[in-house]
Amino acid sequence: MSEKTFIETVKLNDMQEAAVYKTEGPLLVLAGAGSGKTRVLTHRIAYLIKDKGVMPYNIMAITFTNKAASEMRERVDKIVGSGADQIWVSTFHSACVRILRRFITEIGYSRDFVIYDADDQKRVIKNIIKQMNLDPKMFKEKGIAAKISDFKNKLMRASDVREQAEFDFKKKVVADIYTEYQRVLKQNNALDFDDLIMKTVELFAKNPIILAYYHDQIKYLMVDEYQDTNMAQFKLIRQLASGSNNICVVGDDDQSIYKFRGADIRNILEFEKQFPGTTVIKLEQNYRSTKTILEAANAVIHNNVGRKDKTLWCDNEEGKKIDVYQANDAYDEASMIAGEIQDKVDNGQADYNDFALLYRTNAQSRALEEKLMMKNIPYKIIGGQNFYQRREIKDILAYLRIIANSTDDLAVERVVNVPKRGIGQTTVGKAVDYARANSMNLYDVLLDASNVSELSRASAKIRSFTDIIEKLRTQLAQISTNEDITLKTIVDELLELTGYIRELHAEETDEAEARVENISELITKIAEYEKEHEEPNLAEFLEEVSLVSDIDTMDEDSSYVVLMTVHSAKGLEFPYVFLCGMEDGLFPGYMSIMAEEPDELEEERRLAYVAITRAMKHLTISYAKQRMIRGEVNYNMVSRFVKEIPRNIVSSKNVTSTLAAGRGQGAYGTNNYGSVPTKRYTSGGTSSYTSKPKNTFGTGKKPTFGKQFTVTKADIDYTVGDRVSHIKFGQGTVKNIENGPRDYQVTVEFDDFGQKMMMASFAKLKKL
DNA sequence: TGGTAAGTAACCAAG
DNA sequence: TTACTTACCA
């Protein structure tokens, strides 16, 4: 760290600076929440390029989401001006795809492989279980999929599992399923997510020359969110770093929250052992949150035993106390939150995108969504079901996959009878059997159906399917020569030939209409892709799509409240955070309370720590006295994590509403709180009980279709005086339309709900 | 073969 | 509560 010519250093503190200048050799940066680790990474890259003269393409940075990757690239770009596009910034998965697309033939796969998601995996496993005549009660596809994933994260092949199983019957069967699973994937020319990492490690292990090629390229390697890497990822990093030994990892053991999917905290705790000569730098100054929020976070996380000792501090203002609300049920909780948001926005204190609603489980989004919709607050739900996992989208993509890759049997199985064309289970079963018996691809069997006696009766129907595929394939082949044909026109044609949209319209339900909208969104995405790429390529599009996570679609510039799980929120920050459903049994989850190992509870506590530290200005915590879970009403106590927050920085309140009123006493001051805990764990046992279903106060309405609401200026086809319908409020008459800065403000007099003012793009009004 | 009714398992988190 | 599977009939 000799020369400090770098302009930006003025903005960095000593520790951050040290991390930026320590470019050679292994470096472990233990970066507490909000301590500016992204800033360190971006400045480090900028320093390498500007001051050390390192070529951008000699730098690689690995992140967990595409969003983090593109942000990093943007920020580096701002500092260095140009060349940032040549830095290899990507997620583990896309980096591996890129490597495998080039070299996977070396380990016996074909370069045009497709990527199977969780849904595809389950289908494959389900087929195998059926085919092996196993008891589906004992072998559930989800459980098996999780096991296989675990094995792969530990780089164990099926043969390794089998060896290890010895006389363990069940494990042996699992090994057999795993073996067959790999065979099917290979036959379908497919890799699953875990394969992407594992096969890359395998490739490098088998082929030092290829690894050397990457060593030549990657002189400086950086890894973000290192605490969440699993064993396979660790091996990969070690392989890549073994060339230059310039490896910098950034992470925080207190924010390790992905143990359940194989993350191994030892990767960060034992980094120094794995990379001798490591420099360790701790970033403990928080720039994100108020003193109050930080104090709460520290108080909570200090109850964990297995952690590297450190304490975050900050120079920021004291800030307001943390609000803790007791609500009667999830609907009260949601109303309270929606009300608070609306107040702050109306006062001009905040914009919608300053708010995040965080919860432990995706199911909690329902009540919140409903109340937000009631109040016309624009929102976006992140996670749960990803856009590309929706049924209609997967159907269309399956067609595209077949067109692009005829060996993808799974895709064929999925849509051969979608929309219905009279090809039933029996027929598909026969075709699958025939294909297996003759080691053919399913699609080739279908093509030849008229010559297969078992299929002759259905051959006309099968023909109607293969004709579509063949026609589209011909078009795809002409895509580069005939300028009238584009990916978009192929999809249009696909929808036309299959009648997919017509079917949906015929249903005449809101849900079907939402699906139609999703499909048009998909078409838009395809068109965008084509615009962005010189030589659009269907396989490449499918690949991009399969690696998109839901968080990648979040857009800070749009004005909406975001709803997501605490897991999804890792790495993000928001001025105002609502942490909902803080009840023992929900957060921490029932399973972790019951677990014998304290590890599980500690992971939940880290999760709570992550949640609290997302907040910049103010944190509101809420819990409900009763909550409906799976049709049963649960009565839970306030979360033990809330009790771990010092009382003097908490302001507890009761949510009063027509429903809660009269139900008596105070929020968490009186009934549930007990004494301020100073000891590690509060008294054991379960603090929640469940009653049989009884009358619920909920409205019984369900606003949730696939579609979500984002704010882009809408095209509106109605004017003042028109009759319109709203998804929730029913019919009404348009009273006024104002052209606002971002969107049209529409005032509608609803027949049943009175006058409402709403944003056009959000309200999705339909002209009648 | 496909539609509907009844039955049942699932909600813990994600790429 | 909801989504998905199984059972039975047209």
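Q: Which cysteine sulfur is closest to the sulfur of Cys248?
A: In this predicted model, a disulfide needs two cysteine sulfur atoms within 2.5 Å. The sulfur of Cys248 has its closest cysteine sulfur 19 Å away, so it is too far for a bond. That closest sulfur belongs to Cys96.

Q: How many disulfides does the structure hold?
A: The cut-off for a disulfide is 2.5 Å between cysteine sulfur atoms. Cys248 has no partner in reach, because the closest cysteine sulfur is 19 Å off. For the structure, the number of disulfides is 0.

Q: Is Cys248 buried or exposed?
A: A residue counts as buried under 20% relative accessible area. Cys248 has 1% relative accessibility, so Cys248 is buried.

Q: What about Cys314, buried or exposed?
A: The cut-off for buried is again under 20%. Cys314 comes out at 8% relative accessibility, so Cys314 is buried.

Q: Which phosphate contact does Lys142 make, and at what distance?
A: Let's turn to the DNA. A pair of N or O atoms within 3.5 Å counts as a polar contact. A polar side-chain atom of Lys142 meets a phosphate oxygen of DNA strand B at 2.8 Å.

Q: Which elements give two or more residues to the surface near DNA strand B?
A: In total, 26 residues surround the strand, with Asp194 and Thr426 among the closest. The elements giving two or more are helix H9 (193-206), helix H19 (425-437) and helix H26 (566-569).

Q: How many residues of the surface near DNA strand B are polar?
A: This surface has 7 nonpolar and 7 charged residues. The polar residues number 12.

Technical notes:
Residues numbered from 1 in each chain as written. Chains lettered and ligands numbered in written order. Predicted model: local features only at pLDDT ≥ 70, side-chain atom pairs only at ≥ 80, totals over all residues. Heavy atoms only, no water. Near = heavy atom within 4 Å. Polar contact = N/O pair within 3.5 Å; in protein donor to acceptor, adjacent residues only side chain to side chain. Helix = DSSP H or I, 4+ residues; strand = E, 2+ residues; numbered from the N terminus. Nonpolar A, V, L, I, M, F, W, Y, C, P; charged D, E, K, R; others polar. Buried < 20%, exposed > 50% of the residue type's maximum accessible area, 1.4 Å probe, protein only.
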